[in-house]
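These are my notebook entries on a single protein chain. I wished to look up how its strands pair, how its helices pack and what lines one of its pockets.

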Amino acid sequence: MENFDVVIIGAGPAGLTAGIFTTRAGLKTLCLEKLAVGGQASLSYSIENFPAYNSISGFDLASKILEQAKLSGMELREENVLSLTKKRGVFIIETKSNTYQSKKVILACGNKARKLGLENEEQLIGRGISYCASCDGGFFKGKEVAVVGGGDTAVDDVEYLTRVASKIYLINRSERFKAGKRKIEEISKLKNVKVLTNAKVTKLIGNDKLEAINVDVAGKNKKLKIEGLFVAIGHIPDLSFLKIDIKLDNAGYIVVNEDMQSSEKNLFAAGDIVSKKFKQVITACSDGAIAGNSCIGEK
């Protein structure tokens, strides 16, 4: 069983930034990531509200933060955390292949994609339904697809898919978008993009693969023959590995104090998993910096 001063669960902007602060202070730090380094940020085609960059892809930004964290001394391992417990004041982190001990833990594990909740959805995942356009968009070259959602992620997905698909429908449940007005105006001008507002996907059609969807558009049913459906309707917290009883808000996000500490001593949280209103890459980095610095404060 390996021992660390700090174990960070999640290698998104929050976790990586926390690693920069803890390692620079001389704390032996391990960061565990089950999927892609950079988290949801790495899937963004373009980030235009991060200081020092007029525009940068999420992947490039995450790569730069990771490089700095590694240079500072943070160790990164690709392992999925199965269990987090605490015994006699020490945290026990179990993965499929290893068990770690740590005095302090920072939860920066982000969220998982919210699903539509329709019949056949699980069956059609990977067979036409995707929750990551930049990951799977290349499989739909020259085909008609749709994106569900009205936030920045959905608009970024549409922007990315315009370079691949022949036609893209953007389906938003209301007339108002959470994404920036300028972005909506830009994609609305594109010839191969059709924006549907007051619209909701009601049925997925297809057995072995997605063939079409039914959409309720302002009370009228419309059938769209598409081969790809990209769902971008937000995320929900995923703390199934956490075996410690801590305070959560009504939506399941972690409640923290100004030091990013949860209700459990020496258990910190940062980024999208935290209960807060404004969630951006810049605020995730801020959370990570505070959480990392809080670990240093009690060295």
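Entry 1: a three-stranded sheet

I began at N214, which stands opposite K223 in strand 14. I noted that the model is predicted. I then looked to the other side of N214, which lies in strand 13 and is the bridge partner of K203. I next asked how many bridges join strand 12 to strand 13. Six bridges join them; strand 13 covers residues 212–217, and the two strands run antiparallel. Strand 13 also pairs with strand 14, in the antiparallel sense and over five bridges.

I put these pairings together as one open sheet of three strands, in the order 12-13-14, with antiparallel pairing. Its edge strands are strand 12 (199–205) and strand 14 (220–224), each of which pairs on one side only. On average, neighbouring strands of this sheet are turned by 25° against each other, direction ignored.

I also looked up the link between strand 13 and strand 14. The two form a hairpin with two residues between them. In that turn I found A218 with a positive phi of about 50°.

I added a reminder for myself: strands of a sheet pair through backbone hydrogen bonds, either parallel or antiparallel.

Entry 2: strands 4, 5 and 6

I moved to strand 4 (residues 81–87) and strand 5 (residues 90–95), which pair in the antiparallel sense over six bridges. One bridge that I looked up sets S83 against E94 in strand 5. Which residue in the turn between strand 4 and strand 5 has a positive phi? It is R88, with a value of about 50°, and the hairpin has two residues between its strands.

Strand 5 is joined to strand 6 (residues 99–107) as well, by four bridges, and these strands run antiparallel. Here I noted I92, whose bridge partner in strand 6 is Q101. Strand 5 and strand 6 form a hairpin too, with three residues between them.

Entry 3: a five-stranded sheet

I then turned to an open sheet of five strands in the order 8-15-9-10-11. Is its pairing parallel or antiparallel? I recorded parallel pairing. The edge strands are strand 8 (129–130) and strand 11 (193–196), and each pairs on one side only. At the strand 11 edge, I found that strand 10 (residues 167–171) pairs with strand 11 in the parallel sense over four bridges. Within that pair, L170 has V195 in strand 11 as its bridge partner.

Entry 4: two helix pairs

I looked up helix 1 (residues 13–24) and helix 2 (residues 58–72), which pack at an angle of about 20° with their axes 8 Å apart. Angles under 35 degrees count as roughly parallel, and helix 1 and helix 2 are therefore roughly parallel to each other. The crossing in which helix 1 passes helix 2 is left-handed.

The second pair that I looked up was helix 5 (residues 152–161) and helix 6 (residues 181–188), whose axes come within 10 Å and cross at roughly 30°. That angle makes helix 5 roughly parallel to helix 6. The crossing of helix 5 and helix 6 is left-handed.

Entry 5: the second largest pocket

My last search concerned empty space. How much space lies in the second largest pocket? I recorded about 180 Å³. Its lining includes G126, R127, G128, I129 and S130. Also among the lining residues are D136, F139, F140 and K143, together with K209, L210 and E227. I sorted the lining by class and obtained four nonpolar, three polar and five charged residues.

I closed the entry with a general note: rolling a probe the size of a water molecule over the atoms shows where empty space is left.

Key:
Residues numbered from 1 in each chain as written. Predicted model: local features only at pLDDT ≥ 70, side-chain atom pairs only at ≥ 80, totals over all residues. Heavy atoms only, no water. Pairing = 2+ DSSP bridges. Axes fitted to C-alpha atoms, helices over the stretch in contact; angles between N-to-C directions. 1 Å grid on protein atoms, 1.4 Å probe; cavity = no way out; pocket = protein on both sides within 12 Å on 5 of 7 lines; lining within 4 Å. Points joined across faces, edges and corners; volume = space filled by probe spheres on them. Nonpolar A, V, L, I, M, F, W, Y, C, P; charged D, E, K, R; others polar. Parallel < 35°, antiparallel > 145°, perpendicular 65-115°, else oblique. Left-handed = near helix turned anticlockwise from the far one by under 90°.
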